[in-house]
Amino acid sequence: MSNADELLVDVAAMVESEQSNQMSLTVVTGGAVITGRLAPEAVWRRRVSEILRDSDRLRPFAGVFTADETQDRPGRGGPPTHLHFHVARILQGSMGIPETGGMYRVAIKDVSGWTVGDFSYSDS
């Protein structure tokens, strides 16, 4: 079992406390490279819920992401355990998937490497 990188936990805690979505980060997890901006969990959950609500087929799942915003869950109040990416891409060869960016949740303990900043490709 891997241990969470304390510095990465501190970065995630700062994102949570500041309610900011401007911290760009690139992580390696499970062999994938994910790059994008971090968002506070509550902001990320609301955005995912909005996206699901806009889909006829996925609308029933929207409430799962906002159901416990006001309820106490085990582990709340402790250090963050996950990174919440928005406008994020999985880097594959010379492109990022999806091109427009997606919403990803990554367990901090599963991150094997990371760097500040995000990677983007240009056609030049």
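A cavity is here a set of points, on a 1 Å grid over the protein atoms alone, where a 1.4 Å probe fits but cannot get out, and its lining residues have an atom within 4 Å of a point. The model is predicted, so that local features need pLDDT of at least 70 and side-chain atom pairs count only at pLDDT 80 or more, whereas totals for chains, interfaces and linings use all residues. Residues are numbered from 1 along each chain as its sequence is written, and side-chain values use heavy atoms, with hydrogens and water left out.

**View 1. The largest cavity and its lining.** By this rule the count comes to one cavity of 30 Å³ or more, and the largest cavity has a volume of about 40 Å³, where grid points are joined across faces, edges and corners and the volume is the space filled by probe spheres set on the points. Its lining consists of Ala12, Val15, Glu16, Leu38, Ala39, His82, Leu83 and His84. Helix H1 (6-18) and strand S3 (82-92) each supply at least two residues of this lining; helices (H or I, at least four residues) and strands (E, at least two) are DSSP runs, numbered from the N terminus. By class, the lining has five nonpolar, two polar and one charged residues, with Ala, Val, Leu, Ile, Met, Phe, Trp, Tyr, Cys and Pro counted as nonpolar, Asp, Glu, Lys and Arg as charged, and the others, Gly among them, as polar.

**View 2. The nonpolar cores.** A nonpolar core is a set of buried Ala, Val, Leu, Ile, Met, Phe, Trp, Tyr and Cys residues joined through side-chain atoms within 4.5 Å, where buried means under 20% relative accessible area, exposed over 50% and partly exposed in between (1.4 Å probe, protein chains only). The largest nonpolar core has 16 residues, of which Leu25, Val27, Ile34, Leu38, Leu83 and Phe85 touch the most other members. Two or more residues of this core come from each of H1, strand S1 (24-29), strand S2 (32-38), S3 and strand S4 (95-107), and H1 gives the most, with five residues. Apart from this core lies another, of five residues, among them Ala39, Trp44, Val48 and Ala62.

**View 3. The surroundings of Leu38.** Contact means heavy atoms within 4.5 Å, and, when residues up to four places away in sequence are not counted, Leu38 touches Val11, Val15, Ser20, Asn21, Gln22, Met23, Leu25, Leu83, His84, Phe85 and His86. Leu38 is also among the residues that line the largest cavity.

**View 4. The aromatic pair.** Rings of Phe, Tyr and Trp (its six-membered ring) pair if their centres lie within 6.5 Å, and planes under 30 degrees apart count as stacked, over 60 as edge-to-face and the rest as tilted. A search of the whole structure finds one aromatic pair: the rings of Trp44 and Phe65 have centres 6.2 Å apart and planes at 65°, so the pair is edge-to-face. Because Trp44 lies in helix H2 (residues 41-53) and Phe65 in the loop between H2 and S3, the pair ties together parts that are 21 residues apart in sequence. Trp44 counts as buried, at 7% relative accessibility, whereas Phe65 is partly exposed, with a relative accessible area of 22%.

**View 5. Trp114 beside Thr26.** Trp114 lies in strand S5 (residues 111-116) and counts as partly exposed at 25% relative accessibility. The C-alpha atoms of Trp114 and Thr26 are separated by 5.5 Å, although these residues are 88 residues apart along the chain. Not counting residues up to four places away in sequence, Trp114 touches Asp5, Leu7, Leu8, Val11, Leu25, Thr26 and Val27.

**View 6. The backbone at Val87.** Val87, whose place is in strand S3, has a positive phi of about 40° although it is not a glycine. Val87 is partly exposed, with a relative accessible area of 41%.

Key. 1 Å grid on protein atoms, 1.4 Å probe; cavity = no way out; pocket = protein on both sides within 12 Å on 5 of 7 lines; lining within 4 Å.
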